[in-house]
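Q: Before any coordinates are interpreted, I would like to learn how individual features of a model can be read one at a time. Could we work through them with the structure in view?

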Amino acid sequence: MDIYLVGGAVRDKLLGLTVVDHDYVVVGSSPAQMKQQGFKEVGKDFPVFLHPETGDEYALARTERKSGRGYKGFDVDFSSDITLEQDLERRDLTINAIAQDETGTLFDPYQGQEDLNNKVLRHISPAFAEDPLRVLRVARFAARFHHLGFSVAPETLSLMTELSNQGELEYLTAERVWVETHKALSTKSPQVYFEVLRECGALKVLFPEIDQLWGIPNPEKWHPEIDTGVHTMMVLEQAARKTEDVCVRFAAAVHDLGKGVTPKDQWPQHRGHEEAGVPLIKNLCRRIKAPKDYENLAVHVSRFHLHSHKMFELRAKTVHKVLKSIGAYKKEAILEQFSLACEADFNGRLGLEDKPYPQKALLHQCYTASNKIDAQPLIERGYEGAKLGDAIERERIRRIKSVLEKEKAAQ
Ligand SMILES: Nc1ccn([C@@H]2O[C@H](COP(=O)(O)OP(=O)(O)OP(=O)(O)O)[C@@H](O)[C@H]2O)c(=O)n1
């Protein structure tokens, strides 16, 4: 049998990036032979084995032919006469189809190295269409390698467009869409994922609530970039610049969904878009099965991002309402997440990318001043139950007021 390192490990090594997972393809072997050598079988749909010592994945070389719609319905052939070239041909991109043998020699029948040098994401063959998730994978790789100068080959974008228009994406499970989207949100340039999905028509299938933001204007005074889709991508870019927290990046991507449903006669104003976005966010999150903490933060950011921007004008009672509603008094970490997303919204505007956002520090100051209230003196004064709760709130508001007054005096 012959063993080759394949896929992401070879690609990332050639790009000079850190390699995390090592996947191998085994040519000329059988499940019985692999097990005999101590490998542990793990694949359900096709024969994949774990190395007894390293835990790396070893898959028998195989061909796949689609026999139904969606991910299910594959005819898999992993007989021992399947060649390395055949196995590489069924893969998605040329840059993912380079193999390396134990001596370090590269096998590159589909010119993946040339595409790596030219920074092109190009599909190998029409077999790309056999797994529609690859549309999302290409968009994700475009996001991941954007800073290196990669782009999608025109013929690959055409094929992705065809797959999107033919309804193939509707067969993807929510779980696969979320896993891919989460990975894309973790890349250096997550906005490129959504931009590529939009270019090939996949965004309107997978995330229609985001897709409809293009073409919707904002007042130029606040939004020199005007278009809500453009703004949303700028906000996501800013969020990625500020934090690796995927939950914040996701909230940034959906913070203005409410603008997508503003009646046209009110454009470019979007009164009430903060609340109008809430059902759209909830619907999207439930559809793609995003975790609850992602949905919660996104809802808070939609509801209160304008409050955050207006921090210097708010009354103490309103600041308290924001802190309480987002759950900051119960879970401190949410305050930083919330204000990072709001800051990203503020900086995600043409010409304001580096403008300071002092609102964030002021909100944190209000929180610090009002977070720890010693209930004991209140209890001693006879407060209990709901009355005690009210008294704690009044004390919180009093302390927030004092922070805001000090801030005003200093201006
Ligand atoms: N839908 C898919 C998934 C995977 N592959 C192939 O299987 C390899 C391993 O897949 P995976 O581990 O998901 O991706 P990587 O390319 O290794 O990228 P990452 O670094 O994101 O794991 C890929 O390189 C590609 O050759 C594919 O062709 N089509």
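Q: Is Gln 111 buried, exposed or partly exposed, and which count decides this?
A: The idea is to count the C-beta atoms around a residue, and since 20 or more within 10 Å would be needed for a residue to be buried and 12 or fewer for it to be exposed, Gln 111, with 17 such neighbours inside 10 Å, counts as partly exposed. Gln 111 sits in the loop between strand S9 (106-107) and helix H4 (112-118), and its phi is near 55 degrees, a positive value in a residue other than glycine.

Q: Where else does a residue that is not a glycine have a positive phi?
A: Lys 289 has a positive phi of about 55 degrees although it is not a glycine. Lys 289 is located in the loop between H13 and H14, and because it has 12 C-beta neighbours inside 10 Å, it counts as exposed.

Q: How much confidence should I place in such details?
A: This is a predicted model, and where pLDDT is low, the predicted coordinates should not be read in detail. Here the chain averages a pLDDT of 96, and 99% of the residues score at least 70, while the model scores ipTM 0.96 and pTM 0.95.

Q: What is the overall make-up of the chain, in helices and strands?
A: The chain contains 19 helices and 11 strands, and its C-alpha trace spans about 85 × 55 × 40 Å along the principal axes. Of its 411 residues, 40% count as buried, and among the contacts with a separation of 6 or more, 62% are between residues 24 or more positions apart.

Q: What should the span of helix H13 be, and what is it in the model?
A: The check takes a rise of 1.5 Å a residue, so the 16 residues of helix H13 (residues 273-288) should span 22 Å, and the end C-alpha atoms are indeed 22 Å apart, which agrees.

Q: Which residues of H13 are buried, and what do they pack against?
A: An α-helix has 3.6 residues a turn, so residues three or four places apart point the same way. In H13 the buried residues are His 273, Gly 277, Leu 280, Ile 281, Leu 284, Cys 285 and Ile 288. They pack against helix H7 (174-185), helix H10 (208-211), helix H12 (246-254) and helix H14 (292-309). Lys 289 then follows H13, with its positive phi near 55 degrees.

Q: How many residues does the largest nonpolar core have, and which have the most contacts inside it?
A: The largest nonpolar core has 105 residues, and those with the most contacts inside it are Val 25, Val 138, Ala 139, Ala 142, Ala 251, Ala 298 and Ala 341. Helix H5 contributes the largest share of this core, eight residues. As for Val 25, leaving aside neighbours within four places in sequence, its contacts are Tyr 4, Val 6, Ala 59, Ala 61, Leu 84, Asp 87 and Ala 99.

Q: Where does UniProt place the feature "binding site"?
A: An annotation can be read together with the local geometry, with its source kept in mind. In an unreviewed entry, UniProt places this feature at Gly 8, Arg 11, Arg 91, Arg 137 and Arg 140. Gly 8 belongs to helix H1 (residues 8-14) and counts as partly exposed because it has 17 C-beta neighbours inside 10 Å; not counting residues up to four places away in sequence, Gly 8 touches Asp 21 and Asn 96. Arg 140 lies in helix H5 (residues 133-144) and is buried, since 25 other C-beta atoms lie within 10 Å. Leaving aside neighbours within four places in sequence, Arg 140 is in contact with Glu 180, Lys 183, Ala 184, Thr 187 and Tyr 193.

Q: Which residues does the annotation "domain: HD" cover?
A: According to the unreviewed UniProt entry, the annotation covers residues 228-345. Over these residues the chain is 69% helix and 0% strand, and the end C-alpha atoms are 11 Å apart.

Q: Which residues does a cis peptide bond join?
A: The angle to inspect is omega, which is about 0 degrees for the cis peptide bond joining Trp 267 and Pro 268. Pro 268 lies in the loop between H12 and H13, and its C-alpha atom is separated by 8.6 Å from that of Glu 220, 48 residues apart along the chain. Glu 220 is placed in the loop between H10 and helix H11 (228-242) and counts as exposed, because it has 11 C-beta neighbours inside 10 Å.

How values were computed
Residues numbered from 1 in each chain as written. Predicted model: local features only at pLDDT ≥ 70, side-chain atom pairs only at ≥ 80, totals over all residues. UniProt positions renumbered as here; feature names shortened; annotations may be inferred. Helix = DSSP H or I, 4+ residues; strand = E, 2+ residues; numbered from the N terminus. Contact = placed C-beta atoms within 7 Å. Core = buried A, V, L, I, M, F, W, Y, C linked by C-beta atoms within 7 Å. Expected span 1.5 Å × (residues − 1). pLDDT = per-residue confidence, 0-100.
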